[in-house]
Amino acid sequence: MIDREQKRTFGPVPSRRLGRSLGIDIVPFKTCTYDCIYCQLGQTTDKTVTRTEFFAIDKILRDVHRALDIKPKIDYLTLSGSGEPTLHNNIGKLISMLKREFSYPVAVLTNGSLLYEPDVAQSLMQADVVLPTLAADTETIFQCVHRPHPSLHFDTVVKGIINFSKTFKNDLWLELFLLDGINTIEETLRTMKEIVDEIKPQKIHLNTATRPPAEEFAYPVSEEKLESFKMFFGQNAEVITDFKHVMNQQTANVSSDIEQSILQLLKRRPCTDKDIATALSLHSIETTKIISHLVIKGKIERRHQQGNIFYKTK
Ligand code: SF4
């Protein structure tokens, strides 16, 4: 078991899918079953399918209690963060305890790769919403987009998500991650639609690489194209648009050291200055000043993406 003092919660962060979400990060940074070309966290450093108790659940729960002490206004407790959360072998017990100790719904952001394992599927049954990802229609595209652990294959993973959807009683919101020229040709979309029809998710979230991806060739799909794909996938499909909520001063769990809070946030995902200001309930001018200071100190760097400037740690 890894004993790290870094706290396991972050935010509340503005999430495009879950409103205001308190992130609970239960695996070490970039410990994942995949190494997706579109990953906003960069390349995977520990590609594995070995499940273990990376962090003790009492320590994770302690961090959640601390984050919720100031009673921030949040919509979900979200198991997500900097890797694949189902790699934590005690995720099921953690979800039960979060449900018992707090009154917020629990969401799990997963790539879905391990749902074919009965233990993993069973461990997510108490979650209020599970959000797996689909980005391929064949083994070739699966390997190209996700660069998975060698033991993982398209058919097994897709069957795992389909079977899970048949037994899971709560909400399943499927993310379709689309990349221009890679998985957006008509034939691919048609096969993906057949898979979606078998999964029967309550919601379909059309997503693309709007933040700087791990590989430059992971090109985003334009908003217009995504809108046209929305029609194709049907009524419960929606394009994930930028978060519009504005949090008030009390809602964010801001540490006394604002620079540290920004660095912690950027370690997990690149953000625009607006994202940072919203996540940490900072005034925009204050945010701009601190960001400039961190850039000058060489702690963070800028990246241009689709007309926006994102910041990430170096
Ligand atoms: S996008 Fe998600 S599933 Fe893919 S490598 Fe990054 S953390 Fe893993």
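In this predicted model, Ile-26 is a good place to begin, for among residues more than four places away in sequence it touches Arg-8, Phe-54, Phe-55, Ile-60, Leu-79, Pro-85, His-88, Ile-91 and Leu-94. Ile-26 also belongs to the largest nonpolar core, which has 65 residues, and it is one of those with the most contacts inside that core, together with Ala-107, Val-108, Ala-127, Val-145 and Leu-176. Apart from this core lies another, of 14 residues, which includes Val-13, Cys-271, Ala-279 and Tyr-311. As a general tendency, nonpolar side chains in soluble globular proteins are buried together.

From the cores one may turn to the ligand, around which stand Cys-32, Tyr-34, Asp-35, Cys-36, Cys-39, Leu-41, Thr-44, Gly-83, Glu-84 and Asn-111. Sorted by class, the residues of this shell comprise five that are nonpolar, three that are polar and two that are charged.

Seen as a whole, the protein is divided into two parts, with domain 1 covering residues 9-252 and domain 2 covering residues 254-314. The centres of domain 1 and domain 2, taken over C-alpha atoms, are separated by 24 Å, and the contact involves 19 residues from domain 1 and 16 residues from domain 2. On the side of domain 1 that touches domain 2, the largest share is contributed by strand E1, residues 9-15, which supplies four residues. By class, that side of domain 1 is made up of nine nonpolar, eight polar and two charged residues.

Definitions and conventions
Residues are numbered from 1 along each chain as its sequence is written. This is a predicted model: local features need pLDDT of at least 70, side-chain atom pairs count only at pLDDT 80 or more; totals for chains, interfaces and linings use all residues. A nonpolar core is a set of buried Ala, Val, Leu, Ile, Met, Phe, Trp, Tyr and Cys residues joined through C-beta atoms within 7 Å. A residue is buried if 20 or more other C-beta atoms lie within 10 Å of its own, exposed if 12 or fewer, and partly exposed in between; C-beta atoms are placed from the backbone. Two residues are in contact if their C-beta atoms, placed from the backbone, lie within 7 Å. A residue is near a molecule or strand if its C-beta atom, placed from the backbone, lies within 6 Å of it. Ala, Val, Leu, Ile, Met, Phe, Trp, Tyr, Cys and Pro count as nonpolar, Asp, Glu, Lys and Arg as charged, and the others, Gly among them, as polar. Domain bounds come from an automatic or database domain assignment. Helices (H or I, at least four residues) and strands (E, at least two) are DSSP runs, numbered from the N terminus.
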